[in-house]
Each structure stands twice: as structure tokens, then as C-alpha cells.
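Me: Please take a close look at one part of this model, the place where chain B meets chain C, and then follow chain B inward from there. I would like a careful, connected account.

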Amino acid sequence: MSEWLLLVAAAFLAFLGCASLALSLPRNWLAVVGEPLGATDMAITRRAGWLALFAALLPCAIRDGPGFAALAWPLLFALSAFLVAMSLSYRAVLLRPITGFYRRLARFLRACSPR
Amino acid sequence: MISERFRQSMGWLHTWLGIALSAVLFAVFWTGTLTVFDKEIDQWMKPELRIASADNVSLDSLVLQRVATFDTGPDSVIWIGPPRDRQSVIRLFYDDAAGESHEELIDPHNGKLIKPTDSDAGEFFFRFHFMLHLPDGIGYYVVGLAALGMMILIISGIFIHRKIFQEFFTFRPKKRARRAVLDFHNLTGVIALPFHFLIPFSGLLILATTYLPWSMGVPYQGDLKQLRTDQLGYEERKIEPAGVPGGAIAAIDRYRDRAEAIWRSEEGRASSSAEWIAIFNPKDANAYVMIERYFPDRRVAIGPDQLTFDLRSGDIIGRFAPQPVNYVNNWIEGLHWIQFDHWPLRWLYFLAGLSGCAMIGSGLLFWIEARLSKGRMDPASVRVVRAISIGSITGIIVATCAFLIANRLLPKVIGFTDVPRHEIEIGIFFGTWFMTFAHAALRRKKAWRDQSIFIAVGAGAAVLLNWLTTGMHPVAAIDGAIWPVAAMDALLLGGAAFAVLAARRLGRSGQGAVTDPARPREESDIAAGQAV
Amino acid sequence: MSGETTLARSGRLAVALIGGYAFTAGLVAMIGAGLPHWGMERVEAATLGAILGLPAYLVIIIWVASSVRPLRTALVIVVAALTMILLAPMLAGGA
């Protein structure tokens, strides 16, 4: 059971990472959100993207050890990148929950940061 | 920074290697991708192997009696392969006293002999993958050259693209056909880049002694057999036969269990099954047993891990495990063999293999269309080049469908000819493939669409014929938990659906998308990809 | 590069493939025969040679294809290849 959970976690993180990295490019953000990508949004999205992508390594390694993780992680990345590219070209709105989350996060951070 | 000159030379290299090798590379990638599911193809093409898996199989009660009847010489070796995750039957191999090889398959539920349909099935794709069905080992060298070329193509491909990061997520199907094809080539190439590089690399490494026989032999004064023994601990006889007849072997299960327990405790894994049990010097007083994992089930690195037992004392008298450099080597080779049990990873391999096919095919397609739009080729050359591309991309897929259909249509025993059944299947594969080239030469550009329709019809027909000849339709396969057949049928139906979509799209774009003149703005972008 | 004749390009390809092969063969043999002198087992050394030889081949091909002075590059590769091919068996003999 936990094997499946770890696999789902790895796949989710890899997809989130790829989607975030793709959205940190102005053209893709514009296609999904309909507004230009601001500097804060870009910084948050890109950093979160790298973080999620590398975090996906962890469940891979816990599940099967480093020998398998070294294969599963790049291939999960490949599948995620393909799915992200396809959703961007056919159904960009599918990625809107992710941009919505980052915009709220950006607003929250702005509210927190002292002037 | 990379200079423009360097980039240009890489573009030149990329273009010409691509043209020269695409046809071979596609064939190798396609058959390699199929080989990911070779054992599942076996079950589809040899219905006798569709046996539910059995747990805790006792080899002592199922095969030892049978093994005792084998006509073996005093120094023979009998190999017994217990059931494993993807292969539910028991396999027996031995050479008889006259030196002739025998293979038997045993039902793990009742010990009965299985006579499978005479087909090469997955084995055919496996062998084609590195030998191309060419005589005298020519195939090894053609595939080796193609693998080397593939790595150069990957490296030069990285250098000629300025905006790799953006290409990870870019596909614009609504743009002109040529732009979309280039996007697709870049996307499929770049997302699985490590895979596309490691696969040819590991493939060459597997055959290192074939490609570098002199160099590998130098430390051994040319004795490659000794090198292989040192690398693989292979068939090295631990005890010579005594020449005195011994009794029949009474038990091997206990040695298998002991070996598995040792591996389990050392690796801390829940399961660790033996792959082979080899009985050396059977019927001799000096008989002994070796338990081997050439392909461990829960590890990427291949073995072999071998434990040798003296039957008289029960002691472990020999133990082989690869040393550090060879362990790394075996990890790299193991990632190519994919014999481990890891279903998610196996499917990812399959998808990555398909992305390789897509990358090679779209690269070739882009090159042809780019040249055509510039009017640089005369009509006769266009016809030849296009026929070769169509035959090597869609043609081999059509031939694969024909191979499966022939397997289901041919009777199990063929009365009217002496040609073995499996050779007729292979003949039909190559005959069909050859005809797809002729068809492409006749039908020109329309052949893309035609052959997509052939694939859709052929894949659908294969599923239908499997149902008619074995009574196992996809739902029945799922119901009976015969997953290999269910997955094969699902992939065939999915492939058919995809081919229908492709045919529709090709039907639309056939009207003139290719002839429209390239727009200057995109031309500079595209130039990076062709730089001839 | 882009102004080169077909003959010159074929020459580059030939040097890259054949010269590169000779270089790789020499290097793999050198590693296999040489490292046992520093205590590595010969099966390990031979395998290490194969693992390192392939990337070396790739570097040579890229180098020849893009070299500004292809003749000099070719000369360097051929000389290095021949030296290693001649030296390696002597090293192995001494081990």
C-alpha cells in the first residue's frame, strides 16, 4: 500500500515541478492566467518548481532505493514534462489551479512582508 | 560561450547523421520498445503460456523426477528456471549425452509438460533489436554504429538548440505542420534526454567485448573467455565429475531456499527469488548445485550472484559476486536489460521508448519537409527518400501488426510445408515490411495516411483474432487476471485509436500545408535545426 | 565548416569514426593493461576501460567534426592512437 502512496507522491511532485517550471515562462503563464507574469509570481513559481521537482526524488528513493530512483525520477520527469506540454497546447485551463495557488501565495507573502 | 561556428558544425553533424541513421535507429528503437514487454508478447503469441502464477512451487516434487530421466552425460549441466514474476512456467535446459540442446517448459501447478505454439514471439523483437536479423553478425556492427550515432545526435542536438529550457514545454500543434513537427521533435527529444543517451551507451557497453575485442583482450593476452569468466563467474566448474555414478538428486528446494534467505538478509528485501538452479555433473558421485540470479528481481544491477553448494556436505563451496567497477558496469547494463520487477518503471520505459520513436520519426519527417519546401530535391529523389522514410516509420509498425495477425491465423501445426512455423511468421513480417516500401513509392505522400489506416485495421484485427482463436477477449483477460494479454490488447486498441487520429490529421494536412512558403521569422528558428 | 567541400567533410567523418575508433581501442587497452600495475584487478581494469572508452570516442568525434584545424587534429589523434596501441601490450606483458 505504502508503495503506491510513494509512487503517487513522486508522480504528483514531478508533475507539479514541471508544471511550475513551465508556468514560470511568461508565454505559458499568459496562456493559462490571461494576465502577464509579474516578477514576484515568476520568482515564486520557478523556485517552487525546482523544489517540487527535486523533492520528487525523495519518495522515489524511499520506495526502491537509489539504484531504482536514478531511473524512475528522470522518467517520471519526462512523462510529466510531456503531459504539461500537452495540456499547455490543448487545455491550458487545466493548469489554472496551480497558478491560482501561486498567486494566492504571492499575495500572502506580500501581506506578511513588512514594508 | 559556444561559438556560432561550433554550433554550425554541430548542425551539420546532426543533420547528416540523422539522415544516415534514422531508418536503422527507428527500427532498433521500435523493436527495443516492444522488447520491454517481450514476455507479455510471448504469452499473447503462445496461448499455452497463459497460466496463472503459482506460489511456493516445490521443484523437488514437480521436476526432479523428470530431470532424473534426462539422457545426460557425466559432465552435463541441467538448468532449472523456477517461476518468476513475469513468467509463470518452469523452464528446463540441458545438453544430452550426444551434446544436443533441449528445452522444456513445465506447468507449475501440475508438473505437466507444456508444448507451446512454435513462434519466436518476443524473442524475435529482442534479437532484431541488436542483430537486425542479418547474417554473420553484421547486425551487431550496424546497430553499434547506430548507437554511437545516436549519442552524437543527442550531444549535437543539445548544442544546436539555444533555448532548451523553453523547449521542455513547447508544442504548438496549431501552427504550420513543419513547425509543429519540429516542436514535437525537440519536445520528445529533450524530455527523456538522459534516457535517450543512456540506452545506446548501455547497449554498447553490453556488447563491449564484441566492439572492442582486441582492447578488452589486452590485459588477458587475448583470452576473452577468461575475461568473461572473471566478469560473470560463468560456468566455471567447481568440482570435476568423479567418473563414478551417483544416485538421483533428491532435493534442490532447500538450497534454493538457503540462497534466497542469504540474499534477503544481506539486502534487506522482502523478496529475492532465484533465477536458475544449475545441477552440475548430474548422475555422477560428484554432483553439485549452483543457485544463480543473473537478473535479480529487486535490483537494477544485473549479477550474476551465484552460490554453489556441495551436495554431499551441504556446504557453500563457491560464491560469486561482481566487484565494484563491475557492479557499476552491471548497473548500467541492467538499466538496459530491464529484467527487474518494477511495473511502474517498466511502463515508463515503454513510454520513453515510444518518445524515442517519435523523436526519430519526427526528426526525419522534418528534414524531408524542410528540404521539399526549399525545392532543393528533384521529384525522383523525393520519391525515394519519402518511400524509405514511410517504410521505415509506419512500415515497420504495419509489419508488426502483420506478424501478430499471422501468428493467430496460422494453424498450430502446419501440414503443407516443411518450413518451421516460426520462420513463416518472420517471413510474413519481412514480406509485409518490404511491401510497405513499395506501397510508399507508389502512393507517395498519401502513403502516410494509408499506412496509418493499415495500422489501425491491423491492430484491431489482431485483438479480434486473439479473441476468436483463444476465446480470450480483453474483458475476459481482465476478469481472469491474465494481465499480459489484457495489457497487450489494450495497447493494440490504443494504438489503433491513435492511428485513426493520425490518419485523420494526415488526411487534412495532405491538402497543402507542406507547400506553403516558409515565413521568414520562423525560418531563422528552424535554421538552427538544419544548418546544412 | 559550412563552406567545406564534400570531400573534406567525408574526410572529417572518416577520421572521426576510424581514427576515433583507433584512439578508443588504444585507450581501453591502456586502461586495462595499465591500472593492474597500481593494484587494480585486471577484470576491473578491463571493464573500467570499456566504461571510459565510449565517452572518449564521443569527445573525439565532436572534436574532429568541429575542429578549426582538422589536419592537425587528425594528426594528434592518429599519433596518440598508435602510441597507445603499441604501448598497451607491452604494459600487459610486464604485469
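**Where chain B meets chain C**

Reply: In this predicted model, the contact draws 37 residues from chain B and 37 residues from chain C. The area buried between the two chains is about 3,300 Å², and carbon and sulfur atoms give 75% of that area. On the side of chain B, Arg5(B), Trp12(B) and Val325(B) together supply 19% of the area that chain B buries against chain C, which is more than any other three residues supply. Between chain B and chain C the count of salt bridges is zero, while nine residue pairs across the interface are found in polar contact, with both residues of each pair at pLDDT 80 or more.

Several helices of chain B build the side that touches chain C: helix H1 (4-35), helix H6 (138-160), helix H9 (193-206), helix H10 (208-211), helix H11 (213-217), helix H12 (224-232) and helix H14 (324-337) each supply at least two residues. Of the elements of chain B, H1(B) gives the most to this side, with eight residues. Sorted by class, the side of chain B that touches chain C has 26 nonpolar, nine polar and two charged residues.

Turning from the interface to enclosed space, a search of the whole structure finds five cavities of 30 Å³ or more, and the largest cavity holds about 500 Å³ of space. The lining of this largest cavity consists of 29 residues, and His14(B), Leu153(B), His185(B), Met359(B) and Gly363(B) are those that lie nearest its centre. The elements of chain B that give two or more residues to this lining are H1, H6, helix H7 (164-167), helix H8 (177-191), helix H15 (343-373) and helix H21 (520-530). H1 and H6 of chain B thus appear both among the helices that supply the side touching chain C and among the elements that line the largest cavity. By class, the lining of the largest cavity has 16 nonpolar, 12 polar and one charged residues.

Two details of the backbone of chain B complete the account. Most residues other than glycine have a negative phi, and most peptide bonds are trans. Asp136(B), although not a glycine, has a positive phi of about 60°, and Asp136(B) lies in the loop between helix H5 (121-131) and H6 of chain B. A cis peptide bond joins Gly303(B) and Pro304(B), with omega about 5°, and Pro304(B) is found in the loop between strand S6 (288-293) and strand S7 (305-310) of chain B.

Definitions and conventions. Residues are numbered from 1 along each chain as its sequence is written. Chains are lettered from A and ligands numbered from 1 in the order in which they are written. This is a predicted model: local features need pLDDT of at least 70, side-chain atom pairs count only at pLDDT 80 or more; totals for chains, interfaces and linings use all residues. Side-chain values use heavy atoms; hydrogens and water are left out. Contact means heavy atoms within 4.5 Å. Buried area is the accessible area (1.4 Å probe) that two parts lose on being put together, summed over both. A salt bridge is a side-chain nitrogen of Lys or Arg within 4 Å of a carboxyl oxygen of Asp or Glu. A polar contact is a pair of N or O atoms within 3.5 Å; within protein, one must be able to donate a hydrogen and the other to accept it, and residues adjacent in sequence count only if both atoms are side-chain atoms. Helices (H or I, at least four residues) and strands (E, at least two) are DSSP runs, numbered from the N terminus. Ala, Val, Leu, Ile, Met, Phe, Trp, Tyr, Cys and Pro count as nonpolar, Asp, Glu, Lys and Arg as charged, and the others, Gly among them, as polar. On a 1 Å grid over the protein atoms alone, a cavity is a set of points where a 1.4 Å probe fits but cannot get out, and a pocket is an open set with protein on both sides within 12 Å along at least five of seven lines; lining residues have an atom within 4 Å of a point. Grid points are joined across faces, edges and corners, and a volume is the space filled by probe spheres set on the points.
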